[in-house]
Amino acid sequence: MVRKTVYCSRIIAAGLCVAMLAVMLPPCAVAQETIVGAGGVNTFSGRRAFLHLEAICDIGPRPTGSAGMLRQKKMLIEYFRGQGALVEEQPFQIRDRRSGKSLQAANVIIQWHPDRLQRVLLGAHFDTRPFPDRDPVDPKGVFVGANDGGSGVALLMELGKGVQLLPGPLGVDFILFDAEEYVFTTRDPYCLGSRWFARQYVDRPPAHQYRMGVVVDMVADKNLELWQEQNGLSWPDTRPIVDSIWKTASQMNVREFIPRPKWTIEDDHLPLRNVAKIPTCDIIDFDYPHWHTTQDIPENCSGESLEIVGKVLLKWLQSIE
Ligand SMILES: [Zn+2]
């Protein structure tokens, strides 16, 4: 049975951050199993990743242009430089939809082994939605975005150690995208940071080339369910990436990566693939009950879930030839 639903940018006002065109298949049980890792895979600690997630959320809300975002960005730049990465900001301007004024935004580009010219891009948005507009009690309340905005960043913070050990020839870039959801109304555009990054990649091509990309978003749900995102599965250039990541998970006996589609989601992978022509898929758990509410907090997230995704990604990176 396949049920097709409507394009959801129409209902963004009701609180959707990512537009979806849902194709729902029958749900399947998600078994909890132990991961059997090897080598560099074991450098990923869910406990440490969760501490990163808590530190990010301690800053408070981090929407584009806010004091919280600036504090977070400073913290992340210092952290990744301390880990030995080459870190650069990629500034850009957006228009504040409420005031009409220009607003400063910036992606952050974190490079491991920058001398390697063939590279893999791992991306996550690091801004948080301005308001928890799906909250049934307080839709103008405080939104710290532990899973939605925090989890992808926390995962990348912990992933750096393992990525440093990758023997090559591929290098890895972490890209933190700003303004993924600086939205207040149904008319406001999403994914501004990844669009800017993609446009720059085309207009001012760097010496290196991205062979492929993976976006991680909402990967810390306690009840982790990672269905294959429909766009990534349907495009011929991204399907092999989806297949290889979920196959890696299967080989590791990780059942949270469910090798079937469920949601079609508009996320930062779209500009990367459609504008920059970097084949990019999205790893996202869209079945998170606290999505865009005041309850998207660390208490509703899990270090074990971050570890599951981190170890699969590390193993997958090690398998790329
Ligand atoms: Zn969101």
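Student: Which way round does the β-α-β unit made by E5, helix H3 and E6 go, right-handed or left-handed?
Tutor: This is a predicted model, and in it E5 leads through H3 (residues 146-164) to E6 as a β-α-β unit. Strand E5 (residues 118-125) pairs with E6 in the parallel sense, over 7 bridges. The handedness of the unit is right-handed.

Student: Which residue is the bridge partner of Arg-119 in E6?
Tutor: E5 and E6 are parallel partners. Arg-119 has its bridge partner in E6, a strand that covers 171-177. That partner is Gly-171.

Student: What is the strand order in the open sheet of 6 strands?
Tutor: The sheet is open, and its pairing is mixed. On the parallel side of that mix, E5 joins E6 over 7 bridges. On the antiparallel side, E4 joins E6 over 5 bridges, and E3 joins E4 over 10. The full order reads E3-E4-E6-E5-E7-E10.

Student: So which strands stand at the edges?
Tutor: Look for strands with a single partner, because one side of each is then left without a neighbour in the sheet. From one strand to the next the twist averages 20°. The edge strands are E3 (86-95) and E10 (280-284).

Student: Which residue of E4 is the bridge partner of Pro-91?
Tutor: E3 meets strand E4 (residues 102-112) in the antiparallel sense. Pro-91 has its bridge partner in E4. The residue you want is Ala-106.

Student: And what stands opposite Trp-112 in E6?
Tutor: E4 and E6 are antiparallel partners, with 5 bridges between them. Trp-112 looks across to a residue of E6. That residue is Val-172.

Student: How many of the 7 residues of E6 are buried?
Tutor: E6 has E4 as an antiparallel partner and E5 as a parallel one. Helix H2 (residues 67-82) lies across E3, E4 and E6, running at about 15° to E4. E6 is mostly covered, and the buried count is 6 of its 7 residues.

Student: Are H1 and H3 parallel, perpendicular or oblique?
Tutor: Helix H1 (residues 46-58) packs on H3 with the axes 8 Å apart, at an angle of about 130°. Among the residues that meet are Ala-49, His-52 and Ile-56 in H1 and Gly-150, Ala-154 and Met-157 in H3. The crossing is right-handed. Given that angle, H1 is to H3 oblique.

Student: H3 also packs against H8; at roughly what angle do they cross?
Tutor: The two axes come within 10 Å. Contacts involve Leu-155, Leu-159 and Val-163, among others, in H3, and residues including Leu-306, Leu-313 and Leu-317 in helix H8. H3 passes H8 in a right-handed crossing, and the pair is oblique. The angle is roughly 45°.

Student: Where's the cis peptide bond, between which residues?
Tutor: Most peptide bonds are trans. The bond in question has an omega of about 15°. Its proline, Pro-169, sits in the loop between H3 and E6. The two residues joined are Gly-168 and Pro-169.

Student: Is Ala-179, with its positive phi, buried or exposed?
Tutor: Most residues other than glycine have a negative phi. Ala-179, though not a glycine, has a positive phi of about 55°, and its place is the loop between E6 and helix H4 (192-203). Because 27 C-beta neighbours fall inside 10 Å of it, Ala-179 counts as buried.

Student: What is the phi of His-292 near?
Tutor: His-292 lies in the loop between E10 and H8. It is buried, with 22 other C-beta atoms within 10 Å. Its phi is positive, in a residue other than glycine, and is near 60°.

Student: What separation do the C-alpha atoms of Asp-133 and Thr-293 have?
Tutor: Asp-133 is in the loop between E5 and H3, and with 20 C-beta neighbours inside 10 Å it counts as buried. Along the chain, Asp-133 and Thr-293 are 160 residues apart. In space, their C-alpha atoms are separated by 6.6 Å.

Student: For the whole chain, what percentage of the contacts between residues at least 6 apart join residues at least 24 apart?
Tutor: The chain has 8 helices and 10 strands. Of its 321 residues, 50% count as buried. For the contacts you describe, the figure is 80%.

Note on methods: Residues are numbered from 1 along each chain as its sequence is written. This is a predicted model: local features need pLDDT of at least 70, side-chain atom pairs count only at pLDDT 80 or more; totals for chains, interfaces and linings use all residues. Two strands pair if DSSP finds at least two bridges between them. Helices (H or I, at least four residues) and strands (E, at least two) are DSSP runs, numbered from the N terminus. Axes are lines fitted to C-alpha atoms, for helices over the stretch in contact, and angles run from 0 to 180 degrees between N-to-C directions. Two residues are in contact if their C-beta atoms, placed from the backbone, lie within 7 Å. A residue is buried if 20 or more other C-beta atoms lie within 10 Å of its own, exposed if 12 or fewer, and partly exposed in between; C-beta atoms are placed from the backbone. A crossover is right-handed if, with the strands pointing away from the viewer, the path from the first strand over the helix to the second runs clockwise. Angles under 35 degrees count as roughly parallel, over 145 as roughly antiparallel, 65 to 115 as roughly perpendicular and the rest as oblique. A crossing is left-handed if the near helix is turned anticlockwise from the far one by less than a right angle, and right-handed if clockwise.
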